[in-house]
Amino acid sequence: MRKRILMISAVLLTTVLGLSAKVRLPHLIADNMVIQQESDVRLWGWDVKGKPVTVTVSWSAERYKAMTDRTGKWMLTVRAPKASYTPLSITFDDGEPVTVSNVLAGEVWVCAGQSNMEVPVKGFPNCPIEGYNEVVATANQFSKAIHYCKVPSVMSMTPQEDAQCQWRATDMNSVADQSAVGFFFARLLNRALDIPVGLIEANKGGTRVESWLSKENLKRYTDEPLDSNEMVKKYSWDYHRPLLWGNGTFSPILNYTVKGILFYQGCSNVDMNTDTYAERLAMLVRQWRDGFRLGDIPFYFVQIAPCWYGNDVNGTQSAYLREQQLMAQGLIPNSDIVCTNDCVYPWETQQIHPCKKQPVGERLANIALNHDYGFRNIQCESSRFDRMEVRNDTCVIFLKNNYQGISRYEGLEGFEVAGADRVFHKAEASYDWRVGLMVKSKEVRKPVAVRYCFRNFQLGNVKNQAMLPLFPFRTDKW
């Protein structure tokens, strides 16, 4: 009898506690968060089934109301104010109020991809980041300007709704742990716009594009294993496994209202589904845009840098992946891509994480400033191959996105020429503004194809009027 009374008491106590439980918020909705300015910002959380939740904000007298569904989840939108450095607050009330403080309105960007996006300002072991001390010494000036949230890299067989993360203000104590590419992007954006910038870092080193695709996309368009045991058998390294990282690391942020996505990935797809990379990246972007439910938000990504893949400097494995990335940019609406051919030192042949992250982040920022914030005078496009004409023993290369010129007339490096035998020889190149790039080789009397930096590690020196590097290219389809 006593045991039965104790059991009934426990049930009643649980019921009472459940009815009076405070609203639970996802970790993304917390102190120091940045909300997307002048937009309908989604807020959500959990509570007892069928319970009303009222949300009030410090910048408006309006009260927002929601009712939890049968699973205890609720969601609503609030209109965010114009960006400013003024701290804001949001209160969630189901009878017991919970307040989130030091909220800023600004521009929110996602930092996605693999290790070259993940690598922090302090670098990885044996992978330093250029300019580290200067960044740390000046970081305190951005404590009200740049906030970031690092989502833990977690695997899951099913899409997750929350992640154990927190928003941090950028200062001398926190900047070292922040994505280097993300920081340099945010710093330039803040300097240009003079408004707060928020970064959500949802990435994982070593991941393939398939690591982020949904179960539906993987099942329909790939032959990737979807059973956990089969995944382990096929991929001994967990970061190569499909599905899991998207479910565990990216799904928790999909309800958040963001401006756009920055993406740096591709190294792990060299020699792994390289031929399908462009279409699969385009598929991933569609998947993420559908998940955010914000339309065709900007997607700006980075072409992988030169590196000694397969212990072969002169191999072409990564060149084909870079080519696929350029193809992907043509498939993805409202996208753009950064060239990194000049962001590597000659002695970094074996360094998959080159130390020059500042130009990468700033080039992404320049694209955003030009495309999304009205800075039309900012030159943000690298030159690309347009067409070729063969004139006797010389190949004339025409480029686009030159901004009316290139950076040098002579001493051009990185070119190779082949004849019908398909054997490439080092070529001499010069530039005549009246004609174009003129490329030839003494070994090839009847040239049919030209390649530029189309190897695993080959550094060219052709830049356009904006001093942005020429994308590696080939004129052949061999």
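**View 1. The largest nonpolar core of this predicted model holds 76 residues.** The residues with the most contacts inside this core are L43, V55, W74, F92, F250, Y256 and L281. Helix 8, residues 277–292, gives the most to the core, with 9 residues. A second, separate core has 43 residues. M117, Y264, L369 and F457 are among them. The whole model is predicted.

**View 2. F250 is shown with its contacts from elsewhere in the sequence.** Leaving aside residues up to four places away in sequence, F250 touches V110, A112 and A202. F250 also touches W212, W245, W288 and F292. F250 is one of the residues with the most contacts inside the largest nonpolar core.

**View 3. Helix 8 crosses helix 9 at roughly 45 degrees.** Helix 9 spans residues 317–331. The two axes come within 8 Å. An angle from 35 to 65 degrees falls outside both the roughly parallel and the roughly perpendicular ranges, so helix 8 and helix 9 are oblique to each other. Their crossing is right-handed. From helix 8, the contact uses Y277, A278, E279, L281 and A282. From helix 9, it uses L321, Q324, Q325, M327, A328 and L331. By class, this contact has 8 nonpolar, 2 polar and 1 charged residues. L281 of this contact is also listed among the residues with the most contacts in the largest nonpolar core.

**View 4. Helix 4 packs on helix 10 at an angle of about 45 degrees.** Helix 4 covers residues 180–193, and helix 10 covers residues 358–372. Their axes lie 7 Å apart. That angle makes helix 4 oblique to helix 10. The crossing is right-handed. Helix 4 contributes V181, F184, F185, R187, L188, L189, A192 and L193. Helix 10 contributes Q358, V360, G361, E362, L364, A365, N366, A368 and L369. The contact has 12 nonpolar, 3 polar and 2 charged residues. L369, on the helix 10 side, also belongs to the second core.

**View 5. N203 lies in strand 10, residues 197–203.** N203 has 0% relative accessibility and counts as buried. Not counting residues up to four places away in sequence, N203 touches C111, A112, G113, Q114, M117 and E118. K150, S153, W212 and T249 are also touched by N203. A112 and W212 appear among the contacts of F250 as well. E428 is 225 residues from N203 along the chain, and their C-alpha atoms are separated by 41 Å.

**View 6. P447 sits in the loop between strand 19 and strand 20.** Strand 19 runs 436–440 and strand 20 runs 449–452. The relative accessible area of P447 is 5%, under the 20% cut-off, so P447 is buried. Beyond residues up to four places away in sequence, P447 touches V390, N392, D393, T394 and C395. V417, A418 and G419 are touched too. R422 is 25 residues from P447 in sequence and 9.6 Å away in space, C-alpha to C-alpha.

**View 7. D271 and Y403 are two loop residues with positive phi.** Most residues other than glycine have a negative phi. D271 has a phi near 70 degrees. Its loop joins strand 11 (260–264) and helix 8. D271 is exposed, at 58% relative accessibility. Y403 has a phi of about 55 degrees. Its loop lies between strand 15 (394–400) and strand 16 (415–418). Y403 is partly exposed, at 25%.

Note on methods:
Residues are numbered from 1 along each chain as its sequence is written. This is a predicted model: local features need pLDDT of at least 70, side-chain atom pairs count only at pLDDT 80 or more; totals for chains, interfaces and linings use all residues. Side-chain values use heavy atoms; hydrogens and water are left out. Axes are lines fitted to C-alpha atoms, for helices over the stretch in contact, and angles run from 0 to 180 degrees between N-to-C directions. Helices (H or I, at least four residues) and strands (E, at least two) are DSSP runs, numbered from the N terminus. Angles under 35 degrees count as roughly parallel, over 145 as roughly antiparallel, 65 to 115 as roughly perpendicular and the rest as oblique. A crossing is left-handed if the near helix is turned anticlockwise from the far one by less than a right angle, and right-handed if clockwise. Contact means heavy atoms within 4.5 Å. Ala, Val, Leu, Ile, Met, Phe, Trp, Tyr, Cys and Pro count as nonpolar, Asp, Glu, Lys and Arg as charged, and the others, Gly among them, as polar. A nonpolar core is a set of buried Ala, Val, Leu, Ile, Met, Phe, Trp, Tyr and Cys residues joined through side-chain atoms within 4.5 Å. Buried means under 20% relative accessible area, exposed over 50%, partly exposed in between (1.4 Å probe, protein chains only).
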